[in-house]
Amino acid sequence: MDPMSDKILCPTDFSVDSEHALRVAVRLAIERDAELVIAHVWHLPSFAFAGEAPIPGEVVSDMIRISERDLAAAAGRATSLGATRVSTMFLRGVPWDQIVKAADDRAFDLVVMGRRGRSGVARFLVGSVTERVIRHAACSVLAVPPDAAI
């Protein structure tokens, strides 16, 4: 494979583990002269809109703006760490599904992501995003443990 065509996808949920994975992805992008695409999947479960007190639209809009700002900041950190070709993708939907679709549709060579994300109880309800990406992505997935050397 031509190293000049390498593309690395680094999904982030802005957790500590995602930040650690971003640093690993930057290092790999520098070593391989690869394009680095940092993605965030914004998802609000449907039950957030059900019941007597659904989340107001303006609150959702604020949450989206904050996520977009945090994604731009992650790209800035990647650039400051030395990555030369950095872009972002702001996706909406079920995180693992959107990551797999993005990886497949845009012909990434590698997905680099944290082994754990922000989810707590949600992980037990729906399963690990990383685990599902590993099982379904057509490309290689590097699950970065929190204690991995950078």
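## The main core

Let's start on the inside. The largest nonpolar core of this predicted model has 20 residues. Those with the most contacts inside this core are Ile 8, Leu 22, Leu 36, Ile 38, Ala 78 and Val 112. Five elements each give two or more residues to the core: strands S1 (7-11), S2 (35-42) and S4 (110-114), together with helices H1 (16-32) and H2 (57-80). Helix H1 gives the most, with seven residues.

Val 112 is a good place to pause. Leaving aside residues up to four places away in sequence, Val 112 touches Ile 8, Leu 9, Cys 10 and Pro 11, as well as Ala 21, Val 24, Ala 25 and Leu 28. Leu 142 and Val 144 are also touched by Val 112.

## A second core

Another core, of 16 residues, lies apart from the largest one. Val 37, Val 100, Ala 103 and Val 133 are among its members.

## The overall fold

Stepping back, you will find five helices and five strands in the protein. Along the sequence they follow the pattern β-α-β-α-β-α-β-α-α-β. Of the contacts between residues at least 6 apart in sequence, 77% join residues at least 24 apart.

## Surface and rings

The protein has 150 residues, and 37% of them are buried. Its accessible surface is about 8,300 Å², with 56% of that belonging to carbon and sulfur atoms.

What about the rings? A search of the whole structure turns up zero aromatic pairs. The ring of Phe 108 does have the charged end of Lys 7 sitting over it, 4.8 Å from the ring's centre.

Terms used: Residues numbered from 1 in each chain as written. Predicted model: local features only at pLDDT ≥ 70, side-chain atom pairs only at ≥ 80, totals over all residues. Heavy atoms only, no water. Helix = DSSP H or I, 4+ residues; strand = E, 2+ residues; numbered from the N terminus. Buried < 20%, exposed > 50% of the residue type's maximum accessible area, 1.4 Å probe, protein only. Contact = heavy atoms within 4.5 Å. Areas by Shrake-Rupley, 256 points an atom, 1.4 Å probe, with all protein chains shown as cover. Phe/Tyr/Trp six-rings, centres within 6.5 Å; stacked < 30°, edge-to-face > 60°. Lys NZ or Arg CZ within 6 Å of the ring centre and 35° of its normal. Core = buried A, V, L, I, M, F, W, Y, C linked by side-chain atoms within 4.5 Å.
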